[in-house]
Amino acid sequence: MRTRCAGSRGLRALLLLATLSLAGAAPPRVETGQPAPVVAGARLDGQGQLSLAGMRGKVVYLDFWASWCKPCALSLPTLDGFRKEFGSKDFEVLAINVDHDPALARAFLSRRPVGYPSLFDPKGEYPVRFGVETMPTSFLIDRKGVIRSVHKGFRKEDVPELHAAIQELIRSGR
């Protein structure tokens, strides 16, 4: 199992995935063309609750991140740029933080502020539901809630491809 960015603080969800694998149980894996699993929870900034279902009708870039993940730090400004460029009418970025301590995530965001919301997943449920093995991992979800692409990791070279995929989904009305 590839676990890019798995630092000393660890990621409970990745450990759970490894445990399931060792026990012979295959973890669930969300694939392109499948409906996105249910996502709903408390915002990291304490500003209430959010759900993926509440964003239906928009193209959504769902991003799993952690404060200890260096590629995650690189991706945040890019994702915020996408959010600004494509606008909230047709597009939304929703992030899910997987740190074990919300203070670490809040401190990370205070140094790298973004205009899109992050959910806090203290139980590590969502990485398991989505089959996340790498940090960051992102899912591009169409207006009907169907996963159209999965992107593992983040490099600056990925930006044109990600931009084109978002643009095509918005343009196609899917």
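T137 stands opposite K152 in strand β7, a pairing taken here from a model that is predicted. The two strands concerned, β6 (residues 137-141) and β7 (residues 147-152), run antiparallel and are joined by five bridges. They belong to a chain that holds five helices and seven strands, with 49% of its 174 residues buried.

**Overall architecture**

- Read along the sequence, the helices and strands of the chain follow the pattern α-β-β-β-α-β-α-β-α-β-β-α.
- Among the contacts in the chain between residues at least 6 apart in sequence, 74% join residues that are at least 24 apart.
- The accessible surface of the chain amounts to about 8400 Å², and carbon and sulfur atoms account for 54% of that surface.

**The hairpin of β6 and β7**

- Five residues lie between the strands of this hairpin, and in the hairpin G145 takes a positive phi near 90°.
- G145 also appears among the residues that line the largest cavity, as does I141, and I141 is the residue at which the range of β6, residues 137-141, ends.

**Cavities**

- A search of the whole structure finds three cavities of 30 Å³ or more, and the largest cavity holds about 50 Å³ of space.
- The lining of the largest cavity is made up of A36, L52, M55, R56, K58, V60, I141, D142 and G145.
- By character, the residues of that lining divide into five nonpolar, one polar and three charged.
- The polar member of the lining is G145, because Gly is counted among the polar residues, while R56, K58 and D142 are the charged members, since Arg, Lys and Asp are counted as charged.

**Two helix residues with different settings**

- A103 lies in helix α3, which covers residues 102-111, and it counts as partly exposed because its relative accessibility is 42%, a value in between the limits of 20% for buried and 50% for exposed.
- A103 and L44 are 59 residues apart in sequence, and their C-alpha atoms are 9.3 Å apart in space.
- H163 has its place in helix α5, which covers residues 159-172, and it counts as buried because its relative accessible area is 19%, where buried means a value under 20%.
- When residues up to four places away in sequence are not counted, H163 touches F82, E85 and F86.

Key
Residues are numbered from 1 along each chain as its sequence is written. This is a predicted model: local features need pLDDT of at least 70, side-chain atom pairs count only at pLDDT 80 or more; totals for chains, interfaces and linings use all residues. Side-chain values use heavy atoms; hydrogens and water are left out. Helices (H or I, at least four residues) and strands (E, at least two) are DSSP runs, numbered from the N terminus. Buried means under 20% relative accessible area, exposed over 50%, partly exposed in between (1.4 Å probe, protein chains only). Contact means heavy atoms within 4.5 Å. Accessible areas come from the Shrake-Rupley method with a 1.4 Å probe; for residues, only the protein chains shown count as cover. Two strands pair if DSSP finds at least two bridges between them. On a 1 Å grid over the protein atoms alone, a cavity is a set of points where a 1.4 Å probe fits but cannot get out, and a pocket is an open set with protein on both sides within 12 Å along at least five of seven lines; lining residues have an atom within 4 Å of a point. Grid points are joined across faces, edges and corners, and a volume is the space filled by probe spheres set on the points.
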